[in-house]
Amino acid sequence: MEKVLVIGACGQLGSELTIELGKLHGDENVVASDITKPNAAIRKFKFEQLDIMNVTQLNAVIENHQITQVYHLAAILSAKGEENPQWAWNLNMTGLLNVLEAAKTYKLNKIYWPSSIAVFGPTTPRTNTPQDTVMDPNTVYGISKLAGERWCEYYFEKYGVDVRSLRYPGLIGYKSLPGGGTTDYAVDIYHKALNGEPFECFLSKDTYLPMMYMSDAIKATIDLMEAPQEQIKVRSSYNVSAISFTPEQIVKSIQKEIPEFSATYNPDFRQAIADSWPDSIDDSVARNDWGWQPAYDLDKMTRTILEGLPELLESFQKV
Ligand code: NAD
Ligand code: AKB
């Protein structure tokens, strides 16, 4: 019987992943935590208001709930990180080290920690970026994710901590809002389209980026975490990939469903971040090691979001 702690459970990923972890392990075996108060999505779980920078608090939560697995999702993402680099570095690194130390001390069964395509940089091969390649990130977020990958591998090699990780592309879901990334436009755009409003994109129309629908990201995460230990050969972080598209292509995909939708382009500081990241990712190592396979392409994702979002917004109005 696993007892699972999710740190950063109120975020874009946590709000949806926590629900799926409840289905897998039983809601009563999942403890959601965040520095904020619980949101509607995760209110049914046991909740701890936890600042991941506070080791005493973290250890108390692990002891009190007899935690065996941790999903550590709390981080400052790329765009927000550039506004306060030292804060982002501190939170992203200290938070991870606190979790890895706790895993060692309490001999936790498994740890999940997400990395990102932000570990790649301007001289990384842009197309079909391989698992092992040049990594020269130039955002504080990317630097912290690359350092985090090295720490994960270190704790596995030196202390036998079973820590597993994915380099997510931009995650797109409609059930929760993103928290300060460069790929956030691809979530916001659906809300504008459904409101009948034009969209102003902060990236240029031809900026290719690797992206993934949230259901695929959750499937990848759970598949990785449930795979037998001997199948996990990469202890830094696995490349995973699903779809790559430009803002212009997502607009066209939405226009197939809402023909009157329109967008303009007004790139800001996030353009330079996007330009430093790959166009597409080679995830063959993840496919071979533990059978990763995405299910959503751009149009399928668009149809799913445009069908599901109005119902979700309506249910919020009723609450
Ligand atoms: P998010 O910003 O939506 O959520 C992060 C959560 O962490 C928030 O609920 C926030 O309140 C919480 N948090 C912040 N400081 C905290 C602290 N001191 N203690 C405890 N909780 C704290 O981010 P997300 O999109 O859900 O991302 C989750 C993870 O996935 C992050 O590690 C991120 O780097 C990674 N990731 C996300 C994406 C994406 O597109 N969303 C892509 C690649 C990697
Ligand atoms: C961001 O844009 O910062 C995130 C990511 C790709 O890690 N979505």
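Q: What makes a set of grid points a pocket?
A: A pocket is an open set of points with protein on both sides within 12 Å along at least five of seven lines. In this predicted model, the largest pocket holds about 920 Å³ of space.

Q: What makes a residue part of the lining of the largest pocket, and which residues are the closest to its centre?
A: A lining residue has an atom within 4 Å of a point. The largest pocket has 41 lining residues, and the closest to its centre are L73, A74, A75, I76 and L77.

Q: Which helices and strands each supply at least two residues of that lining?
A: They are helix 1 (12-25), helix 3 (78-83), helix 4 (85-105), helix 5 (140-159), strand 6 (115-116) and strand 9. Helix 1 gives the most, with 3 residues. By class, the lining of this pocket divides into 23 nonpolar, 13 polar and 5 charged residues.

Q: Why is the space lined by A74, A75, N92, W113, S144 and K145 called a cavity?
A: The name applies because a 1.4 Å probe fits at its points but cannot get out. These six residues line the largest cavity, which holds about 40 Å³ of space. The structure has 1 cavity of 30 Å³ or more.

Q: How is the lining of the largest cavity counted as 3 nonpolar, 2 polar and 1 charged residues?
A: The lining residues are A74, A75, N92, W113, S144 and K145. Ala and Trp count as nonpolar, Lys as charged, and Asn and Ser fall among the others, so they are polar. That gives the 3 nonpolar, 2 polar and 1 charged residues.

Q: Why are strand 1 and strand 2 said to pair?
A: Pairing needs at least two bridges. Strand 1 (residues 4-7) and strand 2 (residues 30-34) share 4 bridges in the parallel sense, so the two strands pair. Within these strands, I7 stands opposite S33 of strand 2.

Q: What makes strand 3 and strand 7 edge strands?
A: Each pairs on one side only. Strand 3 (46-49) and strand 7 (163-164) are the edges of an open sheet of 6 strands with parallel pairing, in the order 3-2-1-4-5-7.

Q: What does it take for helix 1 to touch a strand, and which strands does it touch?
A: Contact means heavy atoms within 4.5 Å. Helix 1 packs on the sheet and touches strand 1, strand 2 and strand 4 (69-72). The direction of helix 1 makes about 165° with that of strand 2.

Q: How do you know that strand 9 pairs with strand 11?
A: At least two bridges are required, and 3 bridges join strand 9 to strand 11 (residues 209-213), running parallel. I172 has Y213 of strand 11 as its bridge partner. Helix 7 (residues 214-226) packs on this sheet, touching strand 9 and strand 11, and its direction makes about 80° with that of strand 11.

Q: Why is the aromatic pair of Y112 and Y168 called tilted?
A: The ring centres are 6.4 Å apart and the planes 55° apart. The limit for a pair is 6.5 Å, and an angle that is neither under 30 nor over 60 degrees counts as tilted, so both terms are met. The pair is one of 11 aromatic pairs in the whole structure.

Note on methods. Residues numbered from 1 in each chain as written. Chains lettered and ligands numbered in written order. Predicted model: local features only at pLDDT ≥ 70, side-chain atom pairs only at ≥ 80, totals over all residues. Heavy atoms only, no water. Axes fitted to C-alpha atoms, helices over the stretch in contact; angles between N-to-C directions. Points joined across faces, edges and corners; volume = space filled by probe spheres on them. Phe/Tyr/Trp six-rings, centres within 6.5 Å; stacked < 30°, edge-to-face > 60°.
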